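This briefing is for a reader who is new to the structure. Please look over the sequence and the model before reading the points below.

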Amino acid sequence: MDLRELVAAMFLFALIVMPLESLQAQSVRPPANAVNQGIDKQIDEQIGTSNTLGTNSQSDYWRDLRHGKDGLATSGQSGRKLIQAQGEQWRIVRKTYIVKYGGWVLATAIFLIVLFYLIRGKIRLKAGRSGETISRFSLPHRTAHWFMASIFILLSISGLILLLGRTVLMPVIGKNAHSIVASAAMQGHNLFGPLFIVALIWLTFMFIRGNFFQMADLKWILKGGGLLGPHASAGHYNFGEKGWFWLVVIAGSIMAITGMILEFPWLAESLQLLQISVIVHAIGAIALISAALGHIYIGTLGMEGALDSMTTGDVDVVWAKEHHDLWYEEVTGQKVANPEAEGSQSIPDHNQISAQSQTTET
Ligand code: HEM
């Protein structure tokens, strides 16, 4: 091949090959690894199996991810997180522990209350009612109490439907009816939640006075609240009532904070905070509802004369002496010689008691 033939052959080759190469360069087809570039890189870094793309399902990778290795999107913002491995653990904890054991804790609380009623019966006034009353709670106190009680009961019912409805209600009323009840419960729960915060602040403000622990409470505990035998003296509130008050304030605040995070999820910085909030909210609810059942029992069926203080605002003098003798002494200035059964002896003038009592309770 002479020089002219060689130049002609090269020219021909260039004419054929170069357009092909430029065509290839302009192709709209992305490079083979374009889509999976980020994934491959992370798989390489975490597991080192990038050669397997296309020939297997990367099951090892996904399995690792399920067992706690976060992958792909590592941003802290929940919205950009594609997969969060803890989600599966959270689901199991909620379903296995919270729903299952939460239901059992509530059932146990009801069982214990019934058992207590069967063993102890209604706590009656030993000396019987005297007919003379003493003022215990003002109207603002009672309004704050019943506002809280109403909101709490509505939240408890709607919350329990959301927590246990699928397990307890659905098998009984069916899927369709359950879905209607559950969505109504969710709307109600979202509506009453913010009102609970108002009720909590109001209740705390109205009842905090007289609810700080004192030495008399230690004596009350040592005497088992009077249930073990000898009379246990108490001021305006006994240790059990003070414990209930602080449980409502502390657990109620935790419920309010976690509830707000769940109702307005964009407040949460991460998905994990939402998951923790669900668990804490459910545990707090079970604890509060169980304790509330005990409180409601003792305020109604369990103790003669107790409900009067939250309905009329006045209690029988005998009730005051038998259950809150130190408070009675403070209000009337009269010593209670035998708080167990002093009955209607030495009852001071009613008007005098009411006037003095009002000054101590605000
Ligand atoms: C139907 C339901 C309820 C009934 C019948 C009831 C009854 C009563 C009664 C009779 C008292 C006065 C006790 C006394 O004179 O020493 C009282 C006090 C109180 N109740 Fe209720 N209650 C109910 C629901 C609730 C609920 C749901 C809450 C809170 C979530 C609550 C929180 C309180 C508080 C904080 C006190 C004051 C006790 C203290 O500060 O130590 N009650 N309740």
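**Two helices that cross**

Helix α4 (residues 86-120) packs against α5 at an angle of about 85 degrees, and the two axes are 10 Å apart. An angle from 65 to 115 degrees counts as roughly perpendicular, so α4 is roughly perpendicular to α5. The model is predicted, and the points below are grouped by topic.

**The contact of α4 with α5**

- On the α4 side, the residues of this contact are Val99, Gly102 and Gly103; on the α5 side they are Leu163, Leu164, Thr167 and Val168.
- By class, 4 of the residues in the contact of α4 with α5 are nonpolar and 3 are polar, while no charged residue takes part.
- Thr167 belongs to helix α5, and beyond its neighbours within four places in sequence, Thr167 is in contact with Val99 and Gly103.
- Thr167 has 13 other C-beta atoms within 10 Å, so Thr167 is partly exposed.
- Between the C-alpha atoms of Thr167 and Lys100 the distance is 8.8 Å, although 67 residues separate the pair in sequence.

**Around the ligand**

- The ligand is surrounded by 23 residues, and the closest are Ala149, Glu241, Phe245, Gly299 and Ser309.
- Two or more residues of this shell come from each of α5 (139-173), α6 (175-207), α8 (239-263), α9 (271-302) and α10 (308-311).
- Sorted by class, the shell around the ligand holds 14 nonpolar residues, 6 polar ones and 3 charged ones.

**Helix α8 and the loop after it**

- Gly243 is a residue of helix α8, and its C-alpha atom is 9.6 Å from that of Phe212, a residue 31 positions away along the chain.
- Is Gly243 partly exposed or buried? A residue needs 20 or more other C-beta atoms within 10 Å to be buried; Gly243 has 16 C-beta neighbours inside 10 Å, so Gly243 counts as partly exposed.
- Ile257 is also located in helix α8, and because 16 other C-beta atoms lie within 10 Å, Ile257 is partly exposed.
- The C-alpha atoms of Ile257 and Ile197 are 9.1 Å apart, with their positions 60 residues apart along the chain.
- Ala268 sits in the loop between α8 and α9, and its 16 C-beta neighbours inside 10 Å make Ala268 partly exposed.
- Ala268 and Thr258 are separated by 10 residues in sequence and by 9.9 Å in space, C-alpha to C-alpha.

**The protein as a whole**

- The protein contains 13 helices and 2 strands.
- It has 362 residues, of which 19% count as buried.
- Among contacts with a separation of 6 or more, 64% join residues that are 24 or more positions apart.

**Confidence in the model**

- The average pLDDT of the protein is 82, and 72% of the residues score at least 70.
- Residues 18-28 keep a pLDDT under 50, and the model gives this stretch 0 contacts beyond four places in sequence.
- Residues 72-77 also have a pLDDT under 50 throughout, with 10 contacts beyond four places in sequence in the model.
- Predicted coordinates should not be read in detail where pLDDT is low.

Technical notes:
Residues are numbered from 1 along each chain as its sequence is written. This is a predicted model: local features need pLDDT of at least 70, side-chain atom pairs count only at pLDDT 80 or more; totals for chains, interfaces and linings use all residues. A residue is near a molecule or strand if its C-beta atom, placed from the backbone, lies within 6 Å of it. Helices (H or I, at least four residues) and strands (E, at least two) are DSSP runs, numbered from the N terminus. Ala, Val, Leu, Ile, Met, Phe, Trp, Tyr, Cys and Pro count as nonpolar, Asp, Glu, Lys and Arg as charged, and the others, Gly among them, as polar. pLDDT is the predictor's confidence in each residue, from 0 to 100. Two residues are in contact if their C-beta atoms, placed from the backbone, lie within 7 Å. Axes are lines fitted to C-alpha atoms, for helices over the stretch in contact, and angles run from 0 to 180 degrees between N-to-C directions. Angles under 35 degrees count as roughly parallel, over 145 as roughly antiparallel, 65 to 115 as roughly perpendicular and the rest as oblique. A residue is buried if 20 or more other C-beta atoms lie within 10 Å of its own, exposed if 12 or fewer, and partly exposed in between; C-beta atoms are placed from the backbone.
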